[in-house]
Amino acid sequence: MKLIVYAGVFAFLMATTAVELMTIGMQLPRNILVTIIMSTAGLKAVVIAMFFQHLKDEPKALSILVIIPIIAAAALIGISILSIQPFVPSG
Amino acid sequence: MVQETEKPSVPPAWSIKRWLFTTNHKDVGILYLLTSVFFFVAAGWLALLVRTQLGAPDNAFLNSSAYNQAVTVHGLLMVLWFLSPFAIGFANYIVPLQIGARDLAFPRLNALSYWLYFFSGILMLMSFFTGSAPDGGWTLYSPLSSQRYTPFLGLNVAAAGIIMMIASITVGTVNFIVTIVRMRAPGLKYKHLPMFTWAMLITIGMMLYAFPSLLAGTLILFADRALGTLYFSAPEGGAILWDHLFWFFGHPEVYIVLFPAIGVVGDILPTFTRRPLYGKKYIVLSLVAAAIISFVVWGHHMFITGINPTVMKLFNITTVAVSLPFDVITIAMIETLVRAKIRLKAPVLFAIGSIALFVIGGITGVFLASVALDFQLRGTYWVVSHFHYVMVGGSAMALIGGLYYWFPKITGRMYNEKLAKTHFLLSFIGFNVLYFPMYLLLDMPRRIVTYTASTGWGQMNLLATAGAWIFGLSQLLMFYNLFVSMKKGMPAGPNPWQASTLEWATSSPPPFHNFDTIPVISEGVVHLTNGAGHSAALGAKAETEHVHETHTSTWPIIISAAAFFTLLGLLMGFPVLQLAVAFGVIAVYGYGRERFTVRHEENAESWPYQGVENVKLGVWIFLASEVIFFSALLGAYIFVRVNSATWPAAGQILSIQHGAVNTFILLTSSFTAVLALVSAKAGSRKYTMLSLLTTLVLGLAFMLNKASEWKELIEHGFTFNSGLPASSYFITTGAHGVHVAAGLATIVYLIIRAAEGRYTKGDSGTIEHFGLYWHFVDIVWVFLFPLFYLL
Amino acid sequence: MPDLGNNILVSNTYETFTGLFGTFSTLAIIVGAVVLGLMTYLILRYRDKGTSTQEPEDAPTLGKLPAERGKVKTIAVSLTLSTTILVFLVFGTFGALDNILTPPKDAIDIKVTAFQWGWKFAYPNGYEETKELRVPVGKAVRLIVVSEDVFHNFGIYDYKIKIDAIKGRTNHIWFEAKQPGEFTIQCYELCGIGHAFMKAKLVAMEPGAFNAWYSTSGA
Ligand code: HEM
Ligand SMILES: [Cu+2]
Ligand SMILES: [Cu+2]
């Protein structure tokens, strides 16, 4: 891959980090803030994986290897959070 | 293809050196089998103590403390140190043979797996001599497992043992996946893989994604106990958090111990019924389906913890759904018997027996899947009976069948059939006398040291205890039989059972290099030909010349010993810790520099990873497990945070500035790591070194900044034990920091090697692999930073 | 049949459990008998009696990959059958579950606190005690179950009902006693060395007797 692409990716990562830092100063409603910040983090992760770790150029099977645990982890985190909603039966 | 001049050949089988330093898959397989059998005996002995205590009401043979330790260690040893490693022992020995490979992809890593396992077992056993062995049940429920309620060093030592065991498993998963995926003999497609290899591939896949969750849980437990963090003892969901982390691992784990057994049965059945396995395709699909679903059923162990009813129902449905694939598997196996010609030898008796017991265990599992019934059955002997039917009946019995099945291959001699049949009969009867009465004890709580006569449970318990002794003693027949037959049995010949899979196509025991020429499969026929195209007789013992690989290494055992002392050092402090770490660094360095040649077959089947060479694939597999590990850590943090009524706002305690600076540093270091790769590829030693050096400096800066941040926080009273915000912060950033430190050590190594002129002559692979890891550590921080500092 | 007590209807939860358990058991025994029976039959029928050396046509042969065999139909039929059974059981379960989770509006609330190693029962009138839990026959009782220390599990074995007691969480379970009598309450989650002895007594009393006792107890 060309050096310029790497440099671009690097610049992008720095910029998005700056955006993250700016966002928290903006007094946004909490759920919007969380969504923005976590999506940005996700985006950064994807960019690093695709370009720095070259997943873009590797067989898809390699990406699948790491996508599976992401889904599994999402299940773990998601369901465990759902499960704690306090339950008080009527009566 | 690597061709190096010969090293002195392997030490002979009678020398101790051979067994300490071997890296050959068959040797390591034997080591695994022997060690796991040792743990089987140890854990079995504990079980007999437990059963003896329960044989009569109001018995005082064991006191509560001894009983609880026996029950707990029995469970831990059987599940983690016997069943899985026993299966892995077979996998070591058999899988390379079945796929026509000469060894595993990374023989030294394989030895490392074994020695980590070996030392982890020592840690586990040591716990008996350090106050008290774990005594809170193999599930290690919190907060009973916290320092406050279990104030013994023993549990810390045991937790260290579990951590080391998981390290062994992780190394093993990398090795087996790469081997099965990329080293199959030419023409050996997935659809041709024998059932055992298939089952192992799926098992290993589950291990890869399940164990990191236990690792995260055990590390937190260890930190809670040794450093005073308060995750699991926190009323803000701590106990439930452990449940989630444990059972997210725990349910896949029960399939992890089962699937190899299904594989063994799947290989034994066709051999002895003289018919191909019925619906093998559907069996494999079912295993895959069950493996996937097994990751979303864990909540059935938490039905009555007061979880949300919708989630309860969801888990009820997934649990019921996961029994369907098993239905397919059993039906297919039973269908195999139709119009067969069943030779009722010991292996197939065990195989069929295990199917029968599994049917009973599976059906009673469906009762437990019913959340309404679980409001009664939870925590009773019904559960105990259920999981022993599946784990001992379904799994251990089949694996014992496998032992008889492959014994001739491994030793070259036949066992005594009569004794083996007697063994089967006694253990099958003993098993049912032992466990069936437990179904009738569906009111009796598990894990109680005794009960009063007025409960009326005495008779059934007495029966169970009698069964336990029959079952236990019957195993002696096997040991005697195998021990004597090893020396005196009839020579077996290459294929005593007229089996069809490749391990039988070579002599018994197979030569060091397995096959004189790698088999080639085409049009449904296996050709064992040498380069000239001349067909060698199947199983003939020809000592043709072959490329010599390295078969021994001193480092795996040394690294494992260092890891062992490091973990002990964490509990004992200075100077053990420092010495052990230094020792470990030297050992890993020595490992890295050792010349170790492995032969790669160029034309091996490797779909779908053709272009991805072994080490790179290995690194990715490892990272896949790390994804679960860090997700579990972050998930734990999110979980307790959602459960807490209050949490410090962003910027209130953790300095956003510190975090942001470290983010910029780490991102930059990723960039310089990429530059190192680019320079290495371009052949510039100067720029390779320079980029590596910059990466090193940046990494150090990150660590220094982190250290000063920790110091400041601790000085301001934000300490390990000052509450959940602090505990979660220190554990998560600590785990990340350890990863950074490991990366830095690697960079130092890379710099030394680069200075020696490596990496710039088309051999930049190592730098790339390091980069994959380093970027991953960076990605983790990309999530850690906002989660802890910004939100 | 497993020990289901003396077949006297002691509580509504007992009724719910035994009903559902009976359904499960009946089906389990049928399915189990069919499968194991079939296996036994096939083994006896097709065992190698040593009468001929003739092998099945597709017998495994070294050096030959085994033929694929197996009909989707067989698999599909058995899958459909078991799915039907399982769906039926799930519906039964969910019906019973709603019953288990939903106490009547007028239930008496009693707070149960688990500790190492015993139980504390606190009544609405402020009365507390640790040895016995007294309840009236014919009236719904809702237990509010918490723990002071480790993970415990509150179970009444003749009532076939239990619930975890976890520090930091408040769990609920309810039942209605149908017969006067004494029953055993026991802990069902390993909670340390006193676990096996973490018991108490449940006393189901005639409403009159209960009211008399209740009005003279506590506050
Ligand atoms: C037909 C498939 C199966 C179903 C529906 C099923 C269902 C269940 C359920 C619902 C529980 C939780 C019971 C409770 O604690 O209240 C359970 C416990 C357990 N099952 Fe299964 N199971 C199945 C197969 C297996 C298999 C194949 C294994 C292992 C080889 C296994 C091993 C276990 C173990 C070890 C436990 C108890 C863990 C503990 O609490 O210590 N099960 N099973
Ligand atoms: Cu489970
Ligand atoms: Cu208890």
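This briefing walks through the metal sites, the helix contacts and some unusual backbone spots of the structure above. The model is predicted, so local features need pLDDT of at least 70 and side-chain atom pairs count only at pLDDT 80 or more, while totals for chains, interfaces and linings use all residues. Residues are numbered from 1 along each chain as its sequence is written, chains are lettered from A and ligands numbered from 1 in the order in which they are written, and side-chain values use heavy atoms, with hydrogens and water left out. A good place to start is the copper ion (ligand 2), which lies 4.7 Å from the iron atom of ligand 1.

**The copper site**

- Three histidines hold the copper ion (ligand 2): B:His251 through ND1, B:His300 through NE2 and B:His301 through NE2, at 1.8 to 2.1 Å.
- Donors here are N, O and S atoms within 2.8 Å of the metal (3.2 Å for Na, K and Ca), and water is not among the atoms, so sites may look incomplete.
- Along the sequence, the copper donors follow the spacing H-x48-H-H.
- B:His251 and B:His300 link distant parts of the chain, being 49 residues apart: B:His251 sits in helix 7 (residues 238-273) of chain B, and B:His300 in the loop between helix 8 (280-293) and helix 9 (309-336) of chain B.
- Helices (H or I, at least four residues) and strands (E, at least two) are DSSP runs, numbered from the N terminus.
- B:His251 is buried, at a relative accessible area of 6%, and B:His300 is buried too, at 12%.
- Buried means under 20% relative accessible area, exposed over 50%, and partly exposed in between (1.4 Å probe, protein chains only).

**The iron site**

- The iron atom of ligand 1 takes a single donor from the protein, NE2 of B:His386, 2.1 Å away.
- B:His386 belongs to helix 12 (residues 381-411) of chain B.

**Helix 7 and its neighbours**

- Helix 7 of chain B, home of B:His251, has its axis within 10 Å of the axis of helix 9 of chain B, and the two cross at roughly 20 degrees.
- Axes are lines fitted to C-alpha atoms, for helices over the stretch in contact, and angles run from 0 to 180 degrees between N-to-C directions.
- Helix 7 and helix 9 of chain B are therefore roughly parallel; angles under 35 degrees count as roughly parallel, over 145 as roughly antiparallel, 65 to 115 as roughly perpendicular and the rest as oblique.
- Helix 7 of chain B passes helix 9 of chain B in a left-handed crossing, a term used if the near helix is turned anticlockwise from the far one by less than a right angle (right-handed if clockwise).
- The residues making this contact include B:Tyr255, B:Phe259 and B:Ile262 of helix 7 of chain B, and B:Phe326 and B:Met333 of helix 9 of chain B.
- By class, the contact of helix 7 with helix 9 of chain B has 10 nonpolar, three polar and no charged residues.
- Ala, Val, Leu, Ile, Met, Phe, Trp, Tyr, Cys and Pro count as nonpolar, Asp, Glu, Lys and Arg as charged, and the others, Gly among them, as polar.
- The axes of helix 7 and helix 8 of chain B come within 12 Å and cross at roughly 175 degrees, which makes the two helices roughly antiparallel.
- In this contact (heavy atoms within 4.5 Å), B:Tyr255, B:Phe259 and B:Ile262 of helix 7 of chain B meet B:Leu287, B:Ala290 and B:Ala291 of helix 8 of chain B.
- The residues of that contact divide into six nonpolar, no polar and no charged.
- Helix 6 (residues 195-226) of chain B has its axis within 8 Å of that of helix 7 of chain B, crossing at roughly 160 degrees, and the two are therefore roughly antiparallel.
- The contact of helix 6 with helix 7 of chain B has 25 nonpolar, six polar and two charged residues.

**Backbone spots worth a look**

- Most residues other than glycine have a negative phi, and most peptide bonds are trans.
- B:Arg274 has a positive phi near 60 degrees; this residue is in the loop between helix 7 and helix 8 of chain B and is buried, with a relative accessible area of 1%.
- B:Leu140 has a positive phi of about 50 degrees, lies in the loop between helix 4 (107-126) and helix 5 (153-182) of chain B, and is buried at 5% relative accessible area.
- The peptide bond joining B:Ser508 and B:Pro509 is cis, with omega about -10 degrees.
- From B:Phe574 to B:Pro575 the peptide bond is cis, with omega near -5 degrees.
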